[in-house]
Structure formats: structure tokens, C-alpha cells
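I opened my notebook today to look around inside a protein. Come along and follow my entries with the structure beside you.

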Amino acid sequence: MNKTQIILTVTLLLTQITFAQNKSRADRFFDQGDYINAALQYEEELNKEGYTKHILENITSSYYNTFQFREAYRYLKYLTSGKFYERDKSYDNQYNFMMYQVLSALGQYEKSLNFLEKYKSFNSEEEFDSTTAVTTIEDFKLKDDDYTIKPVRFNSKASEFGAIRKDSLVYFTTDRYPHSLLDKKYKWTHRPFLDIYKVVVDKDNNPISEIEEISKEINSKLHEGNFCFTNDGKTIYLSKSNSEKGKKKFDSINTNAIYLYKSINVDGEWSEPEKLPFNDVHFSIEHPSLNADGTKLYFSSNMPGGYGDFDLYYVDVDLDGTYSKPINLGEEINTENREQFPYVSNEGNLFFSSNGHLGLGMMDIFVSELKEERLTRPLNLGAPINSSFDDFSLTYYNETDGFFASNRKDVGDDIYTFSQIGEIFPREYKVRFEVRDYGSDQYIKDSDVVLYDDYNKIVYESQLDSIAGFDIRVFPGRYNFKASATGYRTKTKPISIKEKDEATYVIYLDRKKIKQDESTVTNENNTTVKDSTSFKEKINVTDIRTETNSTRNKEEISKTRLREMLLADKDGPPVIEKNGKLYFKMPPIHFDYDKWNIRSDSKKVLDKLASKLEKYKTVYIKIISHTDSRGTDSYNQVLSEKRAESTRNYLALEGYVNARRMQFIGFGESQPIIDCDDKICTEEEHQTNRRSEFEIIQY
């Protein structure tokens with residue numbers, strides 16, 4: 001080495017040392033990807049140095065990357081509102097997207113979309129309509145569930161995801177403690193590196209063996225992550241840290257990329273994994289999935305030339321074991337953000353996770369249907385598969401059942417099993433609409449009808465004949481049904497079309513009241529006066545006038561006694577008095593966030609109420625439902641009505657309480673116990689607002 005080279009080398013080293021010394025301890029943790037320790041150190045720096053842009057950016061990213069969204073939001077508020085010391089109040093656009101994600105995770109999706117709109121205004125010339133986005137999100141929140149889900153019994157306190165079932169074996173990825181406690185931990189999570197495990201399960205996916213490693217040839221001291229098998233189970237493709245002889249391989253900016261590897265099972269033993277030829281040290285290739293015949297291998301990558309962070313690609317797998325160049329799936333599937341965890345069903349439909357398509361928050365699972373050899377626009381699978389947290393790595397093991405993973409319950413990931421119970425791709429259903437008289441239930445002939453979709457576009461318009469009904473094929477969703485007829489009041493009724501053929505939706509019209517000058521009666525002084533009372537109302541008045549005082553007194557005594565009995569009876573839900581009204585004092589009727597299905601824990605509570613209503617057959621109740629403040633006013637109004645209605649339906653259908661004895665009403669978020677408008681409430685505070693009341697309205 002000559003003298004000039006030595007001088008340059010020494011100068012470079014001194015520069016690097018000086019640069020490193022200028023960095024704080026928090027910065028060094030942050031650069032190493034140790035976000036847990038970085039956040040702790042930045043908290044100390046904030047106390048000493050105050051709110052600088054640099055610290056706010058990094059502490060926000062640290063909390064975001066470790067799924068501590070409430071803490072991330074606390075500092076994002078200061079950053080995105082310019083409340084920091086520097087005169088230049090600008091900040092990187094990525095923090096608008098981060099704020100959108102964090103607010104979504106906290107359930108504030110209406111607020112979150114303002115930041116998504118801001119983010120997209122910088123990134124794209126295409127106008128983003130946040131109002132339409134709210135409607136879209138609410139539509140797939142309010143649609144009927146297409147899946148039932150439950151967590152598997154082999155979850156642990158560690159993270160588990162990426163489950164695949166082959167016969168009676170379930171394989172999955174986890175960061176359990178497989179090796180010595182002295183082994184190195186992954187700096188990002190402070191947990192062990194990921195490995196692949198397996199367990200024997202019964203038909204309900206309950207474990208019936210010990211959980212063990214797939215193979216010591218496959219698992220190493222670095223990451224082994226998502227994987228897939230060929231149909232015969234003899235070949236596994238897996239995501240794995242790029243390494244040589246057990247040591248990480250880094251690129252020029254000190255990043256250890258994830259590669260795709262392949263291992264073959266020979267006589268029950270897995271071979272040492274081999275790198276696929278299209279890997280590259282400068283970017284990651286991960287999350288493999290084969291199509292049904294094994295001719296295409298799908299994966300996610302941040303290779304140059306894509307649409308954003310991570311995109312979905314595929315390569316053709318030739319018969320001789322060679323591969324084509326990676327092919328991007330295009331802008332219909334990929335966005336400027338992350339698309340990962342592809343899975344291709346036997347029908348060729350593509351399931352994947354994304355935080356770039358509109359969803360419930362963080363990463364949601366989407367599906368793109370294969371039609372005429374092309375993938376259609378992705379659809380959000382909705383709840384309960386998706387939540388406001390990360391939902392990913394969905395796979396089927398038969399036509400209706402499979403697994404996915406989510407961190408909705410904890411910082412760590414858990415595996416859930418699912419069963420598909422509905423149509424996931426929209427199709428038209430044959431439904432019937434009718435116009436009837438409210439009093440007689442008869443058809444109203446010559447009715448004029450208009451059916452509007454949720455965007456106020458006319459779907460059907462006509463004048464009906466003597467049989468005031470029509471049949472039509474429509475997609476499930478929200479509609480407005482308008483009807484008018486001579487002598488009746490015009491009415492528009494919101495309709496929610498279900499995924500069900502031959503359903504009937506009826507609108508009842510009220511007759512117009514007779515004008516006062518069209519009817520006269522003679523009063524007690526033989527004077528003719530105008531009468532606006534209907535015949536039915538007159539009968540009621542007569543009944544009241546002819547009622548004897550003794551009957552009235554007996555009824556009052558009876559009601560007084562019944563009231564005393566209700567307040568004294570402690571068997572079953574007790575009755576309490578509040579503001580002069582009687583209520584059944586009930587334990588909370590719990591609903592899952594954004595859902596209205598009666599949960600199993602609430603069924604037991606309602607069963608006890610049904611028994612008490614059976615005991616007191618003259619008691620009539622009003623079921624009043626309230627939501628928390630997450631979501632729009634209109635959405636929460638609909639949600640509360642659905643919850644009140646499903647409570648009434650359960651009592652009627654399962655508790656055998658006469659439906660005529662029960663009214664139901666929803667108040668949405670309009671009557672909170674705790675005000676969450678000016679703060680981000682905790683889940684416990686939201687649960688306090690999310691309640692049902694049972695008022696006694698007649699006895």
C-alpha cells in the first residue's frame with residue numbers, strides 16, 4: 001500500500017470515528033435496528049433537549065416499529081403539527097402515512113384518512129376522496145362475515161405465523177427459544193431468531209404431539225421464515241437470512257438481505273438449503289408461494305423497479321428446475337407501500353397482505369380473483385379476518401378452511417384457524433321488493449318505485465301494477481328504496497341487501513290523514529265542529545271514557561304491586577330505578593369491535609334475562625345500544641341499531657321471548673359515558689361507552 005493510500009485510509013477512519021462520536025446513544029441503537037432501546041434512550045434525550053425534529057422522527061419510528069402505537073401517536077402529533085424547535089416546520093411525507101397507520105390501529109379511521117389524503121397528495125397527482133374512502137371502509141365493516149375464526153391452541157407467548165397444514169402436520173414459523181439462552185437475539189424484537197417448527201394435530205387443529213423443529217439442516221442461528229411446499233411435500237421453498245458458512249452476508253450499507261432457498265426431502269431427511277439464482281445481495285426476496293401445479297413461484301421483494309416498498313412478483317418454474325426472470329404483478333396489485341405474504345389458491349386466486357390498499361388499519365389481507373387469465377382488483381376480506389392491526393400469511397388447506405396470523409391480541413403474532421362461510425367475491429343475488437299498506441298489509445296498486453344504490457345512482461325505476469312487487473338481481477350492499485302512491489305518504493327506506501337469494505324487502509306506506517275540514521262531528525252542546533281524529537282513535541277515546549273508576553284503581557294497585565315485586569326480586573338480573581325509570585341491571589353485553597354478533601359470554605347473560613321475562617309476562621322492554629366513538633356518526637348509528645336488533649333477535653329466537661314485548665333502538669356514539677373526542681381513549685374506556693341498556697317500558 002503506498003503512502004497516499006495509507007493517508008486516505010487513516011483520514012477515512014478518523015472521519016468515521018468522529019461521525020460515530022457525534023451520534024447519541026439513542027441514535028446508535030436506532031441505526032442498529034434496536035428500536036426498543038432506542039425509544040428508551042430518546043425519552044431521556046427529550047427530557048434534556050426538548051422536542052427537536054430529529055428526536056421526534058426517530059422516537060416515533062421506534063415506537064411504530066415495536067407496535068407501541070399509543071406512544072407513537074403521542075409524538076407524531078407534535079411532529080405533524082410542527083410543534084418542535086426548528087424554524088423549518090416541514091417533515092418527511094412518510095410520517096403522514098405513519099400517522100394514518102397509527103390512527104387506524106387505534107380505531108380512529110375517519111381521522112386517519114385525513115393523513116392518508118395528505119400523504120397521497122404528495123405522492124400522486126390522482127385525487128384522493130376521503131369521504132368515499134370512509135364509505136368504502138364502512139361498507140366492508142358492515143357486511144356479513146364471510147369467515148369464522150379462532151386462535152389455535154399451539155400459540156405461545158412467542159410469535160407464531162405462516163402456518164401450513166400437510167396431512168396431519170402443521171408447520172409454522174416462530175421465535176421460540178429453541179437453542180441455548182446464550183444465543184444471540186434479534187435486535188429488533190429482543191427475541192430469538194425465527195425458525196420453522198411442526199406439530200401433529202387432530203381434525204380440529206388441536207395439537208396431539210410435542211412441538212419440534214422441522215430440521216436442524218433447515219433451521220440455523222439466523223432467520224428462517226415464511227415457506228411453502230410442492231404438492232408432493234418433497235420440496236420446500238423458504239425465506240432465510242443471506243449467509244455463508246453460518247455467518248450473515250451484508251450489502252454495501254450493512255443490510256442483511258432475506259433470500260429464497262430451496263431444500264429437498266430425501267428418505268425423510270431435508271437437504272442443506274440452496275440459494276435460488278435470482279437472489280441479490282442488494283435487496284430482499286421473501287414469502288414464497290407456489291401455484292397449484294408448481295409452475296409459478298410467487299414472492300415479495302423490494303428489488304429496484306417496483307411500485308413501492310415491497311411488491312409482489314413471480315417467476316416461471318421450468319421442468320428442468322430453472323427459473324425465469326422475476327415478473328412484477330403490476331399496479332393493480334402493487335402500491336407505493338408494502339405488499340407481502342402472497343398465497344395462491346387451487347383456483348389461482350391471489351391472497352396477500354398490504355398496507356397500501358384501503359383497509360381497517362396496518363396490514364390487511366386482500367384477495368384478487370383470477371378471471372380470464374388475469375387478476376382482478378383486490379378485495380379486502382373484511383372482519384373478522386382483518387382487524388386494525390397486522391393480519392397476514394393466510395393459507396387454505398382445503399376448500400373452506402385454513403390459517404392466518406395477526407397481532408391483534410398482543411405485540412406478538414398469533415395463528416388463527418378460519419372457516420369460510422360466505423361468498424368472498426361479489427355476485428348478484430335475486431331479491432324481491434314489495435310496496436304494502438301499513439294498516440292492511442295489502443299491495444298498493446299503481447305504486448311508483450325507485451331503487452338507488454349507496455352512491456345515489458338509480459338501479460331500478462318503474463310504476464307497478466296491482467301486484468306491487470318486482471324481482472331484480474343486485475349485488476349485496478346498502479340501497480335506498482323509495483315508494484309513492486296516490487293517497488299515501490311517500491317514503492324512502494334504507495335497505496341492506498344480504499348475501500341471500502330469494503330475500504324479500506318490503507316498504508310499508510302510511511295513508512295520508514283526512515284533512516280536518518273533511519270530517520265533522522257534533523259536540524255535547526249540539527254544535528258542529530271539525531274533527532281530525534280517525535275512527536280508530538275515536539274508539540279508543542270511547543273506551544277510555546267508559547272505563548269505570550274501580551277498574552282504573554284496580555289497575556293502578558296492580559301496577560304498584562308489580563313494581564314492588566320487580567324491585568324486590570333478586571333472582572336473575574335485578575331491577576333498578578334510575579331517573580324515575582326502571583331498568584334491568586345487566587352485566588355488560590360484549591360485542592367484538594365493529595361487530596354485532598352476540599358473543600358466547602353474552603349469551604349466558606341474555607339467557608338469564610329471558611328466564612326473568614318468562615316469569616313476568618306483562619313486562620315490555622326497550623333494548624338501547626350505544627357504541628364507542630370510533631367511526632363516523634352515521635356508521636355508529638347503524639352499528640348500534642344492528643347490535644340492539646341482534647340482542648332482540650337472540651332473546652326472541654333463543655330465549656323464546658315474544659318479539660312484540662321488545663323494542664330496540666340505537667343511539668350510536670351520541671350518549672357517551674366517557675368523552676373520547678379530545679383524547680385517544682384506552683380500550684377499557686371505549687368498552688365502557690360500548691354498552692347495552694334494558695329499560696322496562698310497560699308492566
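**Strands first**

I started where two strands meet: Phe-351 stands opposite Val-367 in β19. I kept in mind that I am working with a predicted model.

Next I looked up how these strands pair. I found that β18 and β19 run antiparallel, with 5 bridges between them. On the β17 side, Tyr-343 stands opposite Phe-351 in β18. There, 4 bridges join the antiparallel strands β17 and β18.

I then followed the chain from β17 to β18. The two make a hairpin with 5 residues between them, and in the turn Gly-348 has a positive phi of about 90°.

**The whole sheet**

In what order do the 4 strands of the open sheet come? I read it as β17-β18-β19-β22, with antiparallel pairing. The edge strands, each pairing on one side only, are β17 (339-344) and β22 (379-380).

I checked the β22 end too. Strand β19 (residues 364-368) pairs with β22 over 2 bridges, in the antiparallel sense. Phe-366 stands opposite Asn-380 in β22.

Is β18 mostly covered or uncovered? I noted that 5 of the 5 residues in β18 (residues 350-354) are buried. Leu-350, Phe-352 and Ser-354 point one way, while Phe-351 and Ser-353 point the other way, and all are buried.

**A helix**

I moved on to helix α6 (residues 94-105). Its 12 residues reach 17 Å from the first C-alpha to the last, close to the 16 Å expected at 1.5 Å a residue.

Why is α6 described as largely enclosed by the rest of the structure? I saw that 11 of its 12 residues are buried, so the rest of the structure largely encloses α6. Among the buried ones are Tyr-95, Phe-97, Tyr-100 and Gln-101. What covers the buried residues of α6 includes α4 (53-65), α5 (69-80) and α7 (109-123). After α6 comes Gly-107, with a positive phi near 85°.

**Empty space**

Last, I looked for cavities. Rolling a probe the size of a water molecule over the atoms shows where empty space is left. I found 2 cavities of 30 Å³ or more. The second largest cavity holds about 30 Å³ of space.

Which residues line the second largest cavity? I listed several, including Tyr-100, Gln-101, Ser-354 and Asp-364. Tyr-100 and Gln-101 I had already met as buried residues in α6, and Ser-354 as a buried residue of β18. By type, the lining has 4 nonpolar, 6 polar and 1 charged residue.

Key:
Residues numbered from 1 in each chain as written. Predicted model: local features only at pLDDT ≥ 70, side-chain atom pairs only at ≥ 80, totals over all residues. Heavy atoms only, no water. 1 Å grid on protein atoms, 1.4 Å probe; cavity = no way out; pocket = protein on both sides within 12 Å on 5 of 7 lines; lining within 4 Å. Points joined across faces, edges and corners; volume = space filled by probe spheres on them. Nonpolar A, V, L, I, M, F, W, Y, C, P; charged D, E, K, R; others polar. Pairing = 2+ DSSP bridges. Buried < 20%, exposed > 50% of the residue type's maximum accessible area, 1.4 Å probe, protein only. Expected span 1.5 Å × (residues − 1). Contact = heavy atoms within 4.5 Å.
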